[in-house]
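Trainee: Got a few minutes to walk through this one with me? I'd like to get the layout straight.

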Amino acid sequence: MDAFYASCELLRYPQLKGMPVVIGGGRRKEDDLLGKLQAAYPDGEWTEDNFAERLDEIPVDFFPRIEGYTGRGVITTATYAARQFGIGSAMGLMKASKLCPQAILLPVDFDRYRHFSRTFKAIITDIAPVMQDRGVDEVYIDFTHVPGGQREGGRVLARLIQKSIFDATGLTCSVGVAPNKLIAKMASEFNKPNGISIVREDDLQTLIWPLACRKINGVGPKADEKLKGFGIHTIGDLAGRELHWLVENFGKSYGAWLHEAAWGRDDRPVETESEPVSMSRETTFERDLHAVRDREELGAVFTRLCQQVAADLQRKGYEGKTIGIKLRYDNFQAVTRDQTLSEYTADPKQIRQIAGQCLKRVDLSRRLRLLGVRVGSLVKAGTVPAESARYPSPQETPHEQTELLFPDD
DNA sequence: TCTGGGGTCCTAACGCAT
DNA sequence: TCTGATGCGTTAGGACCC
């Protein structure tokens, strides 16, 4: 198989090119760009209607800076210029504001991302239909059977994809070309942004082995630390270890996988379709809440989370039978509890009831920073016998009073 | 000073049935 | 009847990804 890995660079403000920009956190009062523009140009030049089309024209000075940020937000993504300051994804915004106070802070705007994400993927499937979705801005492509795909080792096709995406969205895109998904993903990192990198089978030792193990998609911070403890720093070091040694130290499955990965072997196909396994909603509170003292607030949040999951399930046409909760205490320790029903459901009341039972099985004497509700073991709605597929209409259950949610003991 | 939200997959422990 | 091997579903936790 010949695989592409394409990842799209989402920042779309040309005037911010080369500047340190971080995206993350919630919307703040001072982020009201349109309001600020209207105040500065009172002649009515900027309106809600033309704002979206004129983003390119917003003067750089109008974008909010991260300096002085307070709150619990984390960084979703950052430009390469911001990364120079040591800023990276998942870092707390308060820490980032100290590392680079002059960085511009943009709020996340998932509606906009969804729009561009759909365009990005539609353009790719038009050109190369065997595409696997890997999130908002990344995909795998199997171009083995795309006409002309082999020209210049795939470079011609990669350029066509880049150009088509740029023409339609103004977004740049990095492409890695390799014999399989594992290597293609690594290759795509070589030449960012807007690059094309081709790695052939016999480039393994020169291009892949010198890389840090952490560059393997599937080796995270924990595995990396453990590998380093054995003196294994590069993929080449890893390839030097015997299979049985890796299995002994990392387990049958993970050890064998590490060995394969180090030798650049990966026979996973590009999967064009997949079914969701679970859906969840969770929220981190602005301040830690206590089950007793903040009972009402917590109860309301809990009910809302259940309603949101139920709405997600119904909108997408799924039902599940494993209902679970997740919470995180003030010390960041997370716990989960779940319960499996005999029938499938997408009913907010039933989810709320079972999730409430799960809640009774955890320690609620400590303050909570996060609460979440999850529904798993999903099936397409209507593929199981009727009973569980019927939702009570609002009339049937008018205003049922919330029962005691967070016991006082 | 901390550390979001949405997922997937894996593992281990345990109860239960064969 | 007791015991162990085996296998399976559920539950809890954690690593990892974007």
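**Sheet, helices and DNA**

Mentor: Sure, and keep in mind that this is a predicted model. Start with helix α7 (residues 181–188), which lies across β1, β6, β7 and β8 and runs at about 140° to β7.

Trainee: In what order do the strands of the open sheet come?

Mentor: There are five strands in it, and their pairing is mixed. Going across, the order is β5-β6-β1-β7-β8.

Trainee: Which strands have one side left without a neighbour in the sheet, and why?

Mentor: Look at the edges, where each strand has a single partner, so one side stays without a neighbour in the sheet. Those edge strands are β5 (131–133) and β8 (196–198).

Trainee: How many bridges join β1 to β6?

Mentor: Strand β1 covers residues 3–9 and β6 covers 138–142, and the two run antiparallel. Phe-4, for one, stands opposite Ile-141 in β6. The number of bridges joining β1 and β6 is five.

Trainee: What angle does helix α6 make with β7?

Mentor: Helix α6 (residues 155–169) packs on the sheet, touching β1, β7 (172–178) and β8. Its direction relative to that of β7 comes out at about 160°.

Trainee: Which element gives the most to the surface near DNA strand B?

Mentor: 23 residues surround DNA strand B, with Arg-72, Lys-95, Ser-253, Thr-284 and Phe-332 the closest. The elements giving two or more residues there are α4 (93–99), α12 (252–262) and β9 (278–289). With seven residues, the top contributor is β9.

How values were computed:
Residues are numbered from 1 along each chain as its sequence is written. Chains are lettered from A and ligands numbered from 1 in the order in which they are written. This is a predicted model: local features need pLDDT of at least 70, side-chain atom pairs count only at pLDDT 80 or more; totals for chains, interfaces and linings use all residues. A residue is near a molecule or strand if its C-beta atom, placed from the backbone, lies within 6 Å of it. Helices (H or I, at least four residues) and strands (E, at least two) are DSSP runs, numbered from the N terminus. Two strands pair if DSSP finds at least two bridges between them. Two residues are in contact if their C-beta atoms, placed from the backbone, lie within 7 Å. Axes are lines fitted to C-alpha atoms, for helices over the stretch in contact, and angles run from 0 to 180 degrees between N-to-C directions.
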